[in-house]
Amino acid sequence: MSQGTHTPPKQVHLAAHFPGVNNTTVWSDPRSGSHIEFDSFRRFAQTAERAGFDFLFLAEGLRLREQNGLIYDLDVVGRPDTFTVLAALAAVTEHLGLAGTINSTFNEPYEVARQFATLDHLSDGRAAWNVVTSWDAFTGENFRRAGYLPQDQRYERARSFLHATRTLFDSWHGDEIAGDKASGTFLAEPRPGAFSIHDAFFDIEGQFNVPRSPQGRPVIFQAGDSDEGREFAAAEADAIFSRHGTKDAGQAFYADVKGRMAKYGRDRDQLKVLPAATFVLADTDAEANELADVIRHQQVSGQTAIRFLEQVWNRDLSGYDPDGPLPEIDPDLGEHTIARGRASVRMNRDPLAVANEYRALAEAKGYSIRELIINVTSRQNFIGSPRTIAETINDYVQADASDGFILVPHITPDGLGEFADKVVPLLQEKGVFRTEYEGTTLRDNLGLRPLAAGESSEEVAA
Amino acid sequence: MAARPQIHLAVALDGAGWHPAAWREPDAAAATELFGARYWLDQVRRAEAGLLDFVTIEDGFPLQTEGFAAPDARTDRVRGRLDASLIAARVAPVTSHIGIVPTVTTTHTEPFHVSKTIATLDYASTGRAGWRAQVGGRAGESALFGRRELAELSLEKLNTPEVQAQIAESFDEAADHVEVVRRLWDSWEDDAEIRDAATGRFVDREKLHYIDFSGRQFSVRGPSITPRPPQGQPLVVALAHQSIPYRFAARSADVALITPQDVDAIAGIVAEIRADQAEAGRAEERLLIFGEFVVFLDENPAVAIERKERLDEAAGEPYFSDAPVFAGSPGALADQLAEWARAGLDGFRLRPATVPHDLEAITSGLVPQLQDRHLFRREYEADTLRGLLGFERPANRYVTAIAA
């Protein structure tokens, strides 16, 4: 830079989200395969690895969603266990990071730390953890403690939970196993893994029983978008899984989160901002736009549109015609919620205002219920030819709207193949995406500093 | 001539083998390799090459100690382990026939999580998953979770009323845990996923079932988030040494592992378990009973005995186990297994004293000896663990209930 050379472009990080249990996943497409059988995960992961992606990402749900008191049946329903799938994928991939969402409410730190430390060992340093919280009594009905945690304590518990696991991961320093057969010295010290954690949420002590793993601990992701969530990410996380899909919103979020890091003594490049992104690829931009429309109609069937509308109206609208006008009746503002097991419904929204917005839009454009929902719910983030998409992605990254993207295909398990074959080579041509993996661990590939033995990132900062 | 009853064989994998000095053997893996995937995969593949029915993988939440004792600060034995269910998942896609049975504790875990873990292992192995359900309660274990106070098990206090009450309660909880896991496995009917484009429905929700279990330690609503696994019901295995755990195995397990010290003890234990089984209303259900041995195997029995003595000397004390210890030739072990099988056992879980030596001796020495006696398979005859052990794929309890 100082001698007149150009700053090398930022490298794009790409990851793949296995299609989830929501309406963006099009199960009715003839190419759509199983969401449960391991072969689908194997194919999806191997495509991501062939393309040089940083990691594969699995979401989690701990109770089947319900609406109107019935199990929601219009989207994909069901998923396998996160840890088990990731450990099995470690057998059929070599470089791909293995990231899982694991809840801090219906788990305990000792067990989760063992599972992630084990996954990191079994994958030779490729484990990552997306820490999420939940609080609802609905999910709690599947667990020992039921709905024990007040909503306003969920972040406190999550932070405390993460600190507890950090302590456990760091309880082995990496030099405890001597393994000297001749002298019979297996351990170099008599009490490895000793820990003692006593705070508002946890009262635990003993010796952790998994030796230090290749990365020291899993890469930590954070997904919440609230002020608390952003602060948590700036202080603690290695990557943030954001939802800001537009360039302007992305830049504002990026600047905000990275700006919060300095006060924790952290370098800006030690937190990767990775929004989720959907895409529609075709040979030309025009074809891609047409295809995007077709897919939106697949994603929002008439019945799905009614169900979405019910989530705003908070009442049974099954008698309405999706191809007809919006209901004249107003939303139910009661405390109960019609759609249980969905995190996002009705949070921070005024249903009456939303309903009036919808009515005005429908009237202005002449939309039916279904057309309205297609237009007010998210369109795909990237739509176009391979060149258009490659340029858009690179532009976002170079403009600091993100450090890359977590791509969510709408077809399982082969919806990533076209992106891998057509877009990735264009990014490689631009010199902004790897042609081979840089390192052996996920931390290496994400450009995160290795952690020294017994060192958490906070101690690095101190 | 009627085919002779076949002996089922499993091996128990733990650390560098079951003798505390096993890790010091010249052929033993380097200590750090015990925490890598390759080591476990090699062992399971070796067991599969020997056509064994299944492997179990030991586990536990506390750092290992001797017996049930409190943390002991010993530095001369294997300490540290990986989560067994994840080791099982890691080997599942790269093996093809052998059953994979991780140990998972019932005392501190969530039945909902355990159910989907084993169901998913069954998907990853295409029908070869089992679960060894193990009660917790070792010294220091409750403090790792900080959620409840349990009387700690110790050999000295084993027969006090307090500890016996605790044991009974822990096994009752374990039975509830297995019941919840089993109901969750059945909570999706096999054909619940319909992908009906005409109605836009992905599942037929009439074929998803709330399990509504309510017990002393937990209540679970269901249904599972994971569809019914390939085997319907993966195999549940339980190790039992006395009446309370015999009753648990009889109520809850498909395979009971027992530790009679001599052939004369077999009939009494088997009778007790069968009586408990009938009392639990399972008289018509298949429940296999396996014996256990720790094995030191060499073609020359004197070498096996000498090897045990050498290992004992390295460990600083003679080796004892809850299971009988066999040191001798594979042929002599084959004779003994045949005799014990005739006394009422369906198979055996063998604990190799050292790895790889004794594991190799099981697959390359003992197995051919049993085959020569027409007591063991010459090729895998089924693709699922249930199939290998002679279990049908079971009907779904919720379908049966509706049909009735």
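Trainee: Which residue is the bridge partner of E193(B) in β6(B)?

Mentor: That partner is V203(B). Keep in mind that this is a predicted model.

Trainee: What makes β5(B) and β6(B) a pair?

Mentor: Two strands pair if there are at least two bridges between them. Two bridges join β5 (residues 193-196) of chain B to β6(B), so the two strands count as paired. They run antiparallel. Their hairpin has four residues between the strands, and G200(B) takes a positive phi near 75° there.

Trainee: Which elements give two or more residues to the side of chain B that touches chain A, and how many residues does the contact take from each chain?

Mentor: The contact takes 63 residues from chain A and 61 residues from chain B. On the side of chain B, the elements are α2 (84-91), α3 (111-124), α4 (141-145) and β6 (201-203). The largest share, seven residues, comes from α3(B). By class, that side has 35 nonpolar, 13 polar and 13 charged residues.

Trainee: How do you know that A256(B) touches A238(B)?

Mentor: Contact means C-beta atoms within 7 Å. A238(B) is listed among the residues that A256(B) touches, so their C-beta atoms lie within that cut-off. A256(B) also touches A240(B), A249(B), I273(B), L287(B) and I289(B), leaving aside residues up to four places away in sequence.

Trainee: Where does A256(B) belong in the largest nonpolar core?

Mentor: A256(B) is one of the residues with the most contacts inside that core, which has 231 residues. Helix α5 (residues 161-185) of chain B gives the largest share of this core, eight residues. Apart from it lies another core of 12 residues, including I306(A) and F308(A).

Notes: Residues numbered from 1 in each chain as written. Chains lettered and ligands numbered in written order. Predicted model: local features only at pLDDT ≥ 70, side-chain atom pairs only at ≥ 80, totals over all residues. Nonpolar A, V, L, I, M, F, W, Y, C, P; charged D, E, K, R; others polar. Core = buried A, V, L, I, M, F, W, Y, C linked by C-beta atoms within 7 Å. Buried ≥ 20, exposed ≤ 12 C-beta atoms within 10 Å, placed from the backbone.
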